Amino acid sequence: MSGPPVIRHEQRQTQTLTPRLQQAVRLLQLSSLEFAQEVQQAIGSNPFLEVEDGEGEAPLNGEKSSAAAPVAAETETDVTVAVADVDADSAAAAPEQVTQLEAGEAPWEGEAWSQFNRGEGQNNPRLYGGIDADVGELTPVHLTLRDHLHRQIGVTQLSRRDAAIVDAIIESLDEDGYLRIDIGEIGRLTGLDPAPDEEELQIALKLVQSLEPAGVGARDLRECLLLQLQDGHLHNNGHTPGPIARPKPGANISEEQIRQIACSVVDRYLSNVAAREFTCIARELGVPGRCVDLACECIRHLDPRPGWRFGALDVRYVTPDVVVRKVHGVWAVALNPAVVPRVCLNHTYAALFRQHRDSRHADLAAQLQEARWMVRNVEQRFSTILQVAEAIVARQKQYFEHGELAMRPMGLKEIADEVGMHESTVSRVTNNKYMDTPNGIVELKFFFSRALPDAQGGSASATAIRGVIKDLIAAENPHAPLSDAQIARLLVRQGLRLARRTVTKYRQMLQVPPVELRRQKANLQ
């Protein structure tokens, strides 16, 4: 039996992180977008923080960057110049000149701008719906998949009951265009009395599946592809319409036979297609291998997500944290001003608080302390990123001069010793941080790779070896591509000893298909 509880005092030394250090570590490991959101939230909740005024102020969200989106920057500049010209010359310019400047060559845009400048936009029911509008409202509206389907149903003659069932099915589609829920549940969601039976639901579903784009309303990938094959007209993954893949002249096979074989492959052998077992498929179907190749090529042109053709594209740009350029023969590193928020302490509020400090404002005292920590931690974050980036550039100068083939092996400890930090700190700095180089935008972790011994007793980086493999594959004969074993033998001739499985891993990292697929692609062209 254990004895009675005993209370005793002990002295023990432990390491703890102060709140400021915890905040600094957390801010350091955030990406530029997450960091911008964190700063915006802090400015909105802390009255002692404000955005520093000044020309050329960088946006806090870090989304508009000349390095990340030059096209968007040029477009925004052109619009700004055009608006500035209109404001400067509006007193002397005629409405027709303004119309030509803004509207371009579109006649309806010219009429809209002309009436808008004459003040007729508010009274014209054809423009803006007769309400007060500004230039910002003249933005394109992206047609969604549901709107596109509803428009097609709107021109059909359906009873109210059938239309309600069809509308319920359309509203139940996901962004891919698939019907992921049970069709019986849709019958309960319609709210009709009596509830639609299975036959009514299936007829309504068939009607939805007959709409454009082909493949919409499918329950799974197999059904989606079969609907598109039955439609007989491919859309090349939603970009450019095109017919069923045609055989080469002289081939004893018709387009209809290709479509039938493709339907059989999708219906029964999709798993074999994923495993690239084309010979097995040809043997099971009892057709030549060339026919299976054409059928699989036809399947590749199908759209597995027909719903993605509609709606606004969620494009997310990678904004670099640092920019590297060669200035007067020296590689210079600079912070990207688009990701550096101009946050500072509100000295007016801080002075007022010091004049009226008392015990009743303890929460304001805590916010003032947090504001000071935030400003210091923001400066420390970018100072640390700049130090690590400068150390990386100093050791990888050959990469900036000659590309991936000149990348040298480098570890986190080497940079940590250079900047006087711990390896974990360097790891946080290089995670989700990007560098704009003449060779493209790359993550800081890209510059770290392990050393692989070569035949001369030296070492080569894994990145450089991947570059060699990439060049070997780019220079191969398309009709006689190199296998992984052949690539390994060629690397040995260059003094790089790699196992075949290592070559396979590097080839997969480069997203290069295996030798058989490269050969088949060359033969189909």
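Student: Among contacts in the chain between residues at least 6 apart in sequence, how many join residues at least 24 apart?
Tutor: That share is 62%. Keep in mind that this is a predicted model.

Student: Ok, and how many helices and strands are there in the chain?
Tutor: The chain has 23 helices and 10 strands.

Student: What percentage of the residues is buried?
Tutor: Of the 525 residues in the chain, 37% are buried.

Student: Let's pick one helix, α1. Which of its residues are buried?
Tutor: Helix α1 covers residues 19-28, and its buried residues are Q23, A24, L27 and L28.

Student: Where do those sit when you look down the axis of α1?
Tutor: They fall within an arc of 130°, so they line one face of the helix.

Student: And what do the buried residues of α1 pack against?
Tutor: Three helices: α2 (32-45), α16 (362-395) and α19 (423-430).

Student: You mentioned α2 and α16. How do people describe a pair like that?
Tutor: Two packed helices are described by the angle between their axes and by how far apart the axes are. For α2 and α16, the angle is about 160° and the axes are 11 Å apart.

Student: So are α2 and α16 roughly parallel or roughly antiparallel?
Tutor: Roughly antiparallel, because angles over 145 degrees count that way.

Student: Is the crossing of α2 and α16 left-handed or right-handed?
Tutor: Left-handed.

Student: Which residues meet there, in α2 and α16?
Tutor: From α2 you have S32, F35, V39, A42 and S45, and on the α16 side they meet Q367, M374, V378, R381 and F382.

Student: How do the residues of that contact divide into nonpolar, polar and charged?
Tutor: Six are nonpolar, three are polar and one is charged.

Student: New topic: L227. Where does L227 lie?
Tutor: In helix α10, which runs over residues 221-231.

Student: Does L227 count as buried or exposed, and why?
Tutor: Buried, because its relative accessibility is 15% and the cut-off for buried is under 20%.

Student: What does L227 touch?
Tutor: Leaving out residues up to four places away in sequence, L227 touches Q209, G215, V216 and A218. As for S210, which is 17 residues from L227 along the chain, the C-alpha atoms of the two are separated by 8.4 Å.

Student: Last one, N346. Where is N346 found?
Tutor: N346 is in the loop between β6 (343-345) and α15 (347-355).

Student: Is N346 buried or exposed?
Tutor: Buried, with a relative accessible area of 10%.

Student: And which residues is N346 in contact with?
Tutor: Not counting neighbours within four places in sequence, N346 is in contact with P47, F48 and E50.

Note on methods: Residues are numbered from 1 along each chain as its sequence is written. This is a predicted model: local features need pLDDT of at least 70, side-chain atom pairs count only at pLDDT 80 or more; totals for chains, interfaces and linings use all residues. Side-chain values use heavy atoms; hydrogens and water are left out. Buried means under 20% relative accessible area, exposed over 50%, partly exposed in between (1.4 Å probe, protein chains only). Helices (H or I, at least four residues) and strands (E, at least two) are DSSP runs, numbered from the N terminus. The arc is that of the directions from the helix axis to the C-beta atoms. Contact means heavy atoms within 4.5 Å. Axes are lines fitted to C-alpha atoms, for helices over the stretch in contact, and angles run from 0 to 180 degrees between N-to-C directions. Angles under 35 degrees count as roughly parallel, over 145 as roughly antiparallel, 65 to 115 as roughly perpendicular and the rest as oblique. A crossing is left-handed if the near helix is turned anticlockwise from the far one by less than a right angle, and right-handed if clockwise. Ala, Val, Leu, Ile, Met, Phe, Trp, Tyr, Cys and Pro count as nonpolar, Asp, Glu, Lys and Arg as charged, and the others, Gly among them, as polar.
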